[in-house]
Amino acid sequence: MSALTRATGAVTIAFGPHASSAPALAMARAPREIDGLFVGEPEAAAVALAALDRADDWRRVESLTFRQHDRIVAHQRTGRFDGFTTASGPDWTGVDFAHHR
């Protein structure tokens, strides 16, 4: 991961149960190559972060816990995914359910 970060300068964000259940601890224990953690559902936060210029203040992404110099900046709210009501359902075309009980 560190070689990729050095070579590309890419921002590296992690997410998952560790980030959502104990974000400050997870950020403190994360390798220095991890720039931040999405707390809660990551979809809207990923879009918001991608829309920022690198120099923009990451505080604008409310569900992001991140490092600023040597200090951990806590998230302001937990991320949610509001697209369930508009998301299309799974396409089961071609699945033979006769073999499943």
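User: Why does Arg77 count as partly exposed?

Analyst: In this predicted model, Arg77 has a relative accessibility of 46%. Buried would need under 20% and exposed over 50%, so Arg77 lands in between and gets called partly exposed.

User: What makes Arg77 and Glu62 a salt bridge?

Analyst: Their closest N and O atoms are 3.2 Å apart. The cut-off is within 4 Å, so the pair qualifies. It also links distant parts of the chain: Arg77 sits in the segment after β4, Glu62 in the loop between α4 (43-51) and β3, 15 residues apart.

User: And Glu62, why is that residue partly exposed?

Analyst: Glu62 comes out at 33% relative accessibility. Partly exposed runs between 20% and 50%, so the label fits. Glu62 is also one of the residues nearest the centre of the largest pocket.

User: What else do you know about the largest pocket?

Analyst: About 160 Å³ of space lies in it. The lining has 13 residues, with Ala44, Ser63, Gly79 and Arg80 among those nearest the centre. By kind, the lining divides into 4 nonpolar, 3 polar and 6 charged residues.

User: How do you know that Arg80 and Asp82 form a salt bridge, and why are both called exposed?

Analyst: Their closest N and O atoms are 2.8 Å apart, and the rule asks for within 4 Å. As for exposure, Arg80 has a relative accessible area of 52% and Asp82 has 54%. Exposed means over 50%, so both get the label.

User: Which parts of the chain does the salt bridge between Arg32 and Asp70 tie together?

Analyst: The two side chains meet at 3.5 Å, N to O. Arg32 lies in the loop between α3 (23-29) and β2, and Asp70 in the loop between β3 (64-68) and β4 (71-73), so the bridge ties together parts 38 residues apart in sequence. Both residues are exposed. The full count of salt bridges is 4.

User: Why is the pair of Trp58 and Phe66 called edge-to-face?

Analyst: There are 2 aromatic pairs by the rule. In this one, the ring centres are 5.6 Å apart and the planes sit at 70°. Pairing needs centres within 6.5 Å, and edge-to-face needs planes over 60 degrees apart, so the name follows.

User: Are those two rings buried or exposed?

Analyst: Trp58 is at 13% relative accessibility and Phe66 at 4%. Buried means under 20%, so both residues are buried.

Key: Residues numbered from 1 in each chain as written. Predicted model: local features only at pLDDT ≥ 70, side-chain atom pairs only at ≥ 80, totals over all residues. Heavy atoms only, no water. Phe/Tyr/Trp six-rings, centres within 6.5 Å; stacked < 30°, edge-to-face > 60°. Buried < 20%, exposed > 50% of the residue type's maximum accessible area, 1.4 Å probe, protein only. 1 Å grid on protein atoms, 1.4 Å probe; cavity = no way out; pocket = protein on both sides within 12 Å on 5 of 7 lines; lining within 4 Å. Points joined across faces, edges and corners; volume = space filled by probe spheres on them. Nonpolar A, V, L, I, M, F, W, Y, C, P; charged D, E, K, R; others polar. Helix = DSSP H or I, 4+ residues; strand = E, 2+ residues; numbered from the N terminus.
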